[in-house]
Every structure is written in C-alpha cells, then in structure tokens.
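The following exercises introduce a protein structure through a series of short tasks. Each task is followed by a solution that proceeds step by step.

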Amino acid sequence: MPKVSVIVTAYNIEKYIGDCLNSVTGQTLHDLEIIVVDDGSSDATPGIIRDHAARDSRIRPILFEKNTIGGVASAANAGMDAATGDYIGFADGDDLYDPTMFEKLWQAAVSTGADLAMCRYTLLDESDGTEKEPAETDRWRPYPAQTVVDLDETTRKQMLRFISVPWRKLYRRDMVERINLRFPVGDFFFEDNPFHWASVIGSERIVLVPERLCKHRVARAGQTMATVDERLLRIFFHHDIIRDWLRRNDVQAEYKQDLLRWMASQLSWVSQRAEGEVQRLLFDRLAPIVAQYSADDLATYGRVNGRGRTVQMLEQLKRKDYTGFARAAGWTDGSEPARLPGAAPAGSLLSRGLYHLRATGPKQTAVMTGRYLSQRLGLSRNGPAASTRDSADKIDNADLMAALVILQKELRSLRAEVAELRRSSDDDNRGD
C-alpha cells in the first residue's frame, strides 16, 4: 500500500500536463501512487499521459472516452475510488508542485496524527509569469511555523475560512472513508467548496504547514475563473449542497451563520464581476437562497461583519427588491435617469464609484476600488473572496492611488466618447 495516492485531474491541457506530471513524479516522497484521470480531452493530453505512464510504473491512467457533465468532480471521484494509499492528495494538471510538497505534508500528517495537512501556495500568472499571493494570506499570520490544530466548533469555523482548494492538502484515507467524502457531481463549477466543508467538519485534527509548496496557474485560456457569464452563478448551487450535508450530520444550527457568510462572500465577489443580464440572473438565483434566512439571521450577520454593500444586498434580496439590490450593488444609483450622450452606463465603474462615494464616503469607495482591481481586473485571480467584512478592510495610499487611476481612466474614456459624439454630430450637420 503506497503512502500517498496523488490524483491528477486533466482536461485539454496539452501545454501543461507534461510539466505537472514531471513535478509529481519528481517528488522526494517516492512511495506514491499517481492516478491521472483525463475527462475526455479532445487534444493531445491523453497521449502525453500515456507516454508518462510508459516511463513511470507508478502512474495509473484513467482516460474517459467522453467529457462528463461533472467535469473535474467526476474525474476526482474516479481517482478517489481507485486510490489505495494511506493518504490522498490532489493535483491540478496545469499546476506545478515543489519536489518536497507531498513528503512534507505526509510527514506532518503522520507525525501529528492529523486527518488533514495543508500548505500555502502562490498564484502563477500565465499571462506574464509573475507569482502573487492568494487572498487568504492574512489567515496564515497566526501560523508562522508548522501548527497542529485540534478541531472543535471554534477552530473548524476558522479553518472553513481558508480558500477551499484541495490540491495543497493531504486527506487521511480512513477519514475519507468514514465520512464518505466525495465531490458533488453536477453541471456546475467550484465543486471544491462542499468538499472543503465536509472534510473540515468531518476531521478531528489538521496540521498547517506554512510553506508555499505549489504554484496554481491562473489567467490561462479556458480556465473556470475566466468565466464571466451565467456559469459563474453556478457556485451558488453549492449553498444547498452544503446545507443538506450540515442537516444530515445534525450541525446546521451551529454553522448557519458560517454558511451565510460563505454565501455572502461569493455574492460580494460575483456582484463585482456581473454585467448586463447576469446582474438580474444573480438576483433571481440568490433570492430563494436568502429567503431561507430570517431577518434576525441577516441582522446578526450585519452586526458581526459590518454594514457594507454586501449586507445591503442581502437585505434587498430578502425583500425581493431588485431595484434596491442593484442600488446596493453599486450598479445604479436607483433613479435610473435617461442616459445623456456620453454619460456613463448605469453599471459602469464611474456610476458605482459615485454611488459609493455619496453613500459610504471616500474610505469605503477606496476599499471597493481595491476589490475591483484585485478581483475584476485580474491583479489577483484566486477565486471567491475570502472575506466580506467590509468594516474591517484596511486601505493605504496604494488603494487610494488605485482609485484615482481607475477613475481617471474612466473619465478619459468618457471624454473620448463625448468627442466622438460631437464629431458624429458635426458630420451629420454638415450633411444636412
């Protein structure tokens, strides 16, 4: 029986899968079972997997004939069903792993008797090759050295707030079997969210290894995080999946506020990316979810997390008031005036900035702009925001400068539009 089963998931990543497999087969922990599951790729990915398997007997290919509706969840579950190791780990087929990662996680887990071992990671920007920190950086500050955390209600809630990705963790096999841990399968993305909740609540002990031991590739073509259409809203399907898991395990009451915070965090992130018809679809998707919470639940959330835009959006969702929701999101100021030539669209950055400036002042506007930079313009593409505590956000001169840069850019764009309209008007007049 191998020490660790590493499940590598792949789909149409011929450019990256070879480097990923080299980083996995080159691990200092040699006693690995490497299960590579391809979800019906139409490019050269399956052939590259076969070539690597022919050179390394530890690689076990599982090659689906067709792409599945469950995507990475179906592939990961197939790997878990086939795994025989004492611990189970995951690898995204386009990511890179430090040669010591699985050994360090395995040693930490074995030496402490932990059900979970987790390390840090960096974001590797495919567009320019730079590396950035994910949004959870502050979560690691209490753990400057390897730390064992015995999980109770308080510490589980702390661990739930880490980013949910599974490919920087090891899972003890008997814990996986005890709680029947699997990824939910369906026509949606972000399947690691319910998986994260189940594994953290189902575990007794976690060991944190604060070394950056993997590089997660972002900003590549075809990646889920690049999606800005209706598919982005499918993350909210996981609210009810997590809720049902909590109910089955009779812990829904203990984690109700935490699930609300999770949902609000996704709302904050998605609402800053939504445009056009996706804005209304977001409201329609979330209204029945927020209806599951009482006014007291929302009030409690507001007391803990502050009276920022997210709380205001939740309240308007509870009232089923789309106009109020759009106003709280900063998509419109609520008056819906007719657009003048050269005026900013209702959902533009300028209109959002002006609304926030009037409603919350310059500090909160700078916070919003900082989020816009990091989450919308791709300066940090790491998935859903880790926190929505608007009142606790910190800003500095860099945030204020970023706000000025974006507003100046928007104003330059508006001036160009006005100039073009004037030229068009002059041309029309000359033609009369």
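Of the 432 residues of the protein chain, 54% count as buried. The model is a predicted one.

**Exercise 1. The chain as a whole**

Describe the secondary structure of the protein chain, its contacts and its exposed surface.

Solution.
Step 1. The secondary structure consists of 15 helices and ten strands.
Step 2. Consider contacts between residues at least 6 apart in sequence: 80% of these join residues at least 24 apart.
Step 3. The exposed area of the protein chain is about 19,200 Å², and carbon and sulfur atoms supply 51% of this area.

**Exercise 2. The nonpolar core**

Determine which residues have the most contacts inside the largest nonpolar core, and examine the surroundings of Phe 90.

Solution.
Step 1. The largest nonpolar core has 112 residues, and Phe 90 and Met 263 have the most contacts inside it.
Step 2. Helix α9 (residues 252-271) provides the largest share of this core, namely nine residues.
Step 3. With neighbours within four places in sequence left aside, the contacts of Phe 90 include Ile 7, Met 80, Phe 102, Trp 167 and Lys 169.
Step 4. Tyr 171, Phe 183 and Phe 195 are also among the contacts of Phe 90. Together with Phe 90, these three residues form one aromatic cluster.

**Exercise 3. Aromatic pairs around Phe 325**

Classify the ring pair of Tyr 322 and Phe 325 and the ring pair of Phe 325 and Trp 331.

Solution.
Step 1. A search of the whole structure yields 13 aromatic pairs.
Step 2. For Tyr 322 and Phe 325, the ring centres are 6.4 Å apart and the planes stand at 40 degrees, so this pair is tilted.
Step 3. Both residues belong to helix α13 (residues 322-329), where they are three residues apart, about one turn of the helix.
Step 4. Tyr 322 counts as partly exposed because its relative accessibility is 21%, whereas Phe 325, at 0%, counts as buried.
Step 5. The ring centres of Phe 325 and Trp 331 are 5.4 Å apart with planes at 85 degrees, so this pair is edge-to-face. Trp 331, like Phe 325, is buried.

**Exercise 4. Charges over rings**

Which charged ends sit over the rings of Tyr 322 and Tyr 255?

Solution.
Step 1. Over the ring of Tyr 322 sits the charged end of Arg 280, 4.6 Å from the ring centre.
Step 2. Over the ring of Tyr 255 sits the charged end of Lys 157, at 5.7 Å from the centre.

**Exercise 5. Two polar residues**

Establish whether Thr 112 counts as buried or exposed, and locate Asp 152 along the chain.

Solution.
Step 1. Thr 112 is part of helix α4 (residues 101-112).
Step 2. The relative accessibility of Thr 112 is 14%, so this residue counts as buried; the cut-off for buried is under 20%.
Step 3. The side chain of Thr 112 reaches the backbone oxygen of Ala 108 at 2.6 Å. Not counting residues up to four places away in sequence, Thr 112 touches Gln 146, Val 148, Arg 205 and Val 207.
Step 4. Asp 152 lies in the loop between β8 (147-150) and α5 (153-160). Asp 152 counts as partly exposed because its relative accessibility is 40%.
Step 5. A polar atom of the Asp 152 side chain lies 3.1 Å from the backbone nitrogen of Thr 154.
Step 6. Asp 152 and Ile 201 are 49 residues apart along the chain, and their C-alpha atoms are separated by 8.7 Å.

How values were computed
Residues are numbered from 1 along each chain as its sequence is written. This is a predicted model: local features need pLDDT of at least 70, side-chain atom pairs count only at pLDDT 80 or more; totals for chains, interfaces and linings use all residues. Side-chain values use heavy atoms; hydrogens and water are left out. Helices (H or I, at least four residues) and strands (E, at least two) are DSSP runs, numbered from the N terminus. Buried means under 20% relative accessible area, exposed over 50%, partly exposed in between (1.4 Å probe, protein chains only). A polar contact is a pair of N or O atoms within 3.5 Å; within protein, one must be able to donate a hydrogen and the other to accept it, and residues adjacent in sequence count only if both atoms are side-chain atoms. Contact means heavy atoms within 4.5 Å. Accessible areas come from the Shrake-Rupley method with a 1.4 Å probe; for residues, only the protein chains shown count as cover. A nonpolar core is a set of buried Ala, Val, Leu, Ile, Met, Phe, Trp, Tyr and Cys residues joined through side-chain atoms within 4.5 Å. Rings of Phe, Tyr and Trp (its six-membered ring) pair if their centres lie within 6.5 Å; planes under 30 degrees apart count as stacked, over 60 as edge-to-face and the rest as tilted. A charge sits over a ring if NZ of Lys or CZ of Arg is within 6 Å of the ring centre and within 35 degrees of the ring normal.
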